Amino acid sequence: MRNYNLNHLEQLEAEAIFVLRETAAQFEHPGLLFSGGKDSIIMAYLAAKAFAPAKIPFPFVHVDTGHNFHETIAFRDKFVEEYGVNLVVGLVQDSIDRGTATEETGPNASRNALQSVTLLETIDRENFDACLGGGRRDEEKARAKERFFSHRDSFGQWDPKNQRPELWNLFNGGKGQGENFRIFPLSNWTEMDVWQYAKIEEIELPSLYFAHERDVLERNGSLLAITDFVSANENEEVRKETVRFRTIGDATCTGAVISNASNLDEVIAEVSASRITERGSRADDKRSEAAMEDRKKQGYF
Amino acid sequence: MSTEKDYINMDMLRFTTAGSVDDGKSTLIGRLFHDTKSIFEDQLEAIEQSSKKRGDENINLALLTDGLRAEREQGITIDVAYRYFATPKRKFIIADTPGHIQYTRNMVTGASTANLALILVDARNGVVEQTRRHSFIADLLGIKHIAVCINKMDLVNYEEDAYEKVLRQFSEFASRLENVSELTFIPLSALKGDNVVERSDNMPWYKGAPLLYHLENVYVGSDANHVDARFPVQWVIRPHSDRHHDFRGFAGRVAGGVFKLGDEITALPSGFTTKISKIMLGEKEIEEAFFPQSVTIQLEDEIDISRGDMLVKPNNQPNSSQDLDARICWFSGSKKLTQGGKYLIKHTTKTAQAMISEITYKVDVNSLRKNEEDKEFNMNDIGRIKFRTSEPVFYDTYRRNRNTGSFILIDPFTHQTLAAGMLR
């Protein structure tokens, strides 16, 4: 008899597609949070698979801090065009202009935390009852407790101590007025799974993920790229390095790593030898021991 | 960690961990992670800093698993946490469940997706009441493989007696486990690393494999039901585009058995029979689909099928009934199960109404005795009920198929998940 077993990537793929279809079936106005980072690209790719040959039945949502690498935005626009989906953009700048968010000040000011405000405003404005996110449980210790279907109250808050139990593959998307869900199809994927899947499926990823030469400076142990939003202070030295990014977020807090890995095979080899987690280069997580939990409670991704 | 290309042949094992409070579960997970190089430097550094801040003497590996602020403050684990590690052979998903508060509810949740349960026993104490409870829950949730880790062997001078004692104690009640087909006993010391990743020189009398070897090699391929073809329809794909004008595909995840191109199928509840004309995974056409693949099936004839319906084989159909009998675990702390109570039932992709017609008995999870007198279900209670649904449910017994034999009950007003159930 044939051996009816799937390898780990095929199992993860089947699970993610199931979750994406449950989202379409159980909600009226879902949106797919698309940052242009690798996790959201994989999620969008899986969404295309889940509903083929029909188009993905929900819009992409980008919460834009305005502090982007230009490569990310170019990639986002090309991707959206290719998949023929609608793109909804929520601008952090708009929230600041409206006075609903206040820009941080000081040497390490970042718009990262402000994204929560803009995200909640966008959910409200567009009337989304569910937002698909590319979050993975292996990313961070607070995320390890996250559900596939994660309930949010009418303030967008996550209550980690009072989550719905999630059994088998029976996902309960029931909700009251004004409440909504965050849904994470990639919950069980690790960083390595994402790279391996990208390799096997030949998924194109932004050039930032591969080694390139760039002007960087060192700040609080992270290597930050010199962009329109990051410039050297008096005592900081700008130098040219061959780097790549393991995660892509706001340009003000996404650290680069020194690397020569210029294709997926080399990246996979590098990640498997790495002794530092991918978020180890994220300044936003280093603010306190429970930085992620606190942001998530306030409505972060 | 896997290296280049090996990952094509990696499979996956999901397991759940259970132990009493001081059995050393966190230490064992910490040891597995540490010895398979799955703890990263920045994680270790963060734990070291936190341990110092808390005034712990040694690095507290439990901090790796306790992610929430309240857990760190109170030194307890609140919820099921999922953890990941990989060797070149397998990717592992651990459903790590806390040892004390809301114990049953969390272990039931963790066990529902696991193939194997890892049950910890303190070598000094042997099998205790909790060990029986953990085994009972693992068995109730249909787990076929139990690995009993007899931990802290270093504290009993690595003597075979302690191991033999647990073996004897376990066999006294193992005959009452209905689903477990493989019981493995591994003497180890999580603290010292004996028989976790490397074979221990301290226990030459033990001829079996160390824990990691067992986890890497235990065969779970035959646990899934590849006989009874079941395809609960999740979503109907209709592109409405010029290129795919007449396309109508049924999206879903195979819940059991195998569907092949050209197979005759019957759609439930309509009962119409037709043939499979195409099976697709994304844009790719494939010859057959099996559990747990997510695919899209196209049929030769146009019949009315929607979400909640099920595609099966004409000569192998599931039970179909509105009167159901099940074992349940009650989850809610604020609502009690009542006879005559109305709830929503979610079973495969179907949601219907359910009314409780009989509360048959409760099980005392400590003595494993049935109690037909006390029928008040509170949080963490396990027992048996009968109920009637607003429409027929197509199901197999949970024992035969976990996917078509499981359900949850939902509060129609608060939308909370109230209970998990296994059909008989």
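Three salt bridges turn up across the interface of chain A and chain B in this predicted model. One of them pairs the side chains of B:Arg307 and A:Glu22, with an N to O distance of 2.9 Å. On the chain A side, the elements that put two or more residues against chain B are helices H1 (8–26), H2 (38–51), H6 (191–200), H7 (264–273) and H8 (291–297). H1(A) gives the largest share of that side, at 14 residues.

How much area is buried between chain A and chain B? About 6,700 Å², and carbon and sulfur atoms give 57% of it. That is a handy number to quote, since the size of an interface is often given as the accessible area lost when the parts come together. Counted by residues, 71 from chain A are in contact with 84 from chain B. If you prefer polar contacts, there are 24 residue pairs across the interface of chain A and chain B, with both partners at pLDDT 80 or more.

**A:Asn172, a residue with partners in both chains**

A:Asn172 is a good place to zoom in. You'll find A:Asn172 in the loop between strand S5 (149–152) and strand S6 (180–183) of chain A. Is A:Asn172 buried or exposed? Its relative accessible area is 8%, so A:Asn172 counts as buried, the cut-off being under 20%. Its side chain reaches the backbone nitrogen of A:Gly174 at 2.9 Å, and it also joins the side chain of B:Thr417 in a polar contact of 2.9 Å.

Setting aside neighbours within four places in sequence, the contacts of A:Asn172 within chain A are with A:Gln26, A:Phe149, A:Arg164 and A:Phe181. From chain B, its contacts are B:Lys346, B:Ile408, B:Ile410, B:His415, B:Gln416 and B:Thr417.

**Backbone oddities**

Most residues other than glycine have a negative phi, and most peptide bonds are trans. Here are some places that go the other way.

| Site | Backbone feature | Value |
|---|---|---|
| A:Ala52 to A:Pro53 | cis peptide bond | omega near 5 degrees |
| B:Leu268 to B:Pro269 | cis peptide bond | omega about 10 degrees |
| A:Asn127 | positive phi, not a glycine | phi about 65 degrees |
| B:Asn195 | positive phi, not a glycine | phi near 60 degrees |

Now for where they sit. A:Pro53 is in the loop between H2 and strand S2 (60–64) of chain A, and B:Pro269 is in the loop between strand S10 (264–268) and strand S11 (273–281) of chain B.

As for the asparagines, A:Asn127 lies in the loop between helix H5 (114–126) and strand S4 (130–132) of chain A. B:Asn195 belongs to the loop between strand S6 (182–187) and helix H8 (211–217) of chain B. Their surroundings contrast: A:Asn127 has 52% relative accessibility and so counts as exposed, whereas B:Asn195 is buried at 1%.

**Helix H6 of chain B**

H6(B) covers residues 129–140, which makes 12 residues. From first C-alpha to last it reaches 17 Å, close to the 16 Å expected at 1.5 Å a residue. The helix is mostly covered, with nine of its 12 residues buried. Those are B:Thr131, B:Arg133, B:His134, B:Ser135, B:Phe136, B:Ile137, B:Ala138, B:Asp139 and B:Leu140. Just after H6(B) comes B:Gly142, with a positive phi of about 80 degrees.

**B:Asp396 and its pocket of contacts**

B:Asp396 is in the loop between strand S20 (382–395) and strand S21 (406–410) of chain B. With a relative accessible area of 5%, B:Asp396 is buried. Which side chain does the side chain of B:Asp396 meet in a polar contact? That of B:Thr404, at 2.7 Å.

Beyond neighbours within four places in sequence, B:Asp396 is in contact with B:Arg230, B:Pro318, B:Asn319, B:Asn401, B:Thr404, B:Gly405 and B:Leu423. B:Ser200 is another matter: 196 residues away along the chain, its C-alpha is separated from that of B:Asp396 by 44 Å.

**Cysteines**

How many disulfides does the structure hold over all chains? Zero. Two cysteines of chain B can still be placed: B:Cys149 counts as buried at 0% relative accessibility, and B:Cys329 is buried with a relative accessible area of 0%.

Conventions. Residues are numbered from 1 along each chain as its sequence is written. Chains are lettered from A and ligands numbered from 1 in the order in which they are written. This is a predicted model: local features need pLDDT of at least 70, side-chain atom pairs count only at pLDDT 80 or more; totals for chains, interfaces and linings use all residues. Side-chain values use heavy atoms; hydrogens and water are left out. Helices (H or I, at least four residues) and strands (E, at least two) are DSSP runs, numbered from the N terminus. The expected span of a helix is 1.5 Å times one less than its number of residues. Buried means under 20% relative accessible area, exposed over 50%, partly exposed in between (1.4 Å probe, protein chains only). A disulfide is a pair of cysteine sulfur atoms within 2.5 Å. Contact means heavy atoms within 4.5 Å. Buried area is the accessible area (1.4 Å probe) that two parts lose on being put together, summed over both. A salt bridge is a side-chain nitrogen of Lys or Arg within 4 Å of a carboxyl oxygen of Asp or Glu. A polar contact is a pair of N or O atoms within 3.5 Å; within protein, one must be able to donate a hydrogen and the other to accept it, and residues adjacent in sequence count only if both atoms are side-chain atoms.
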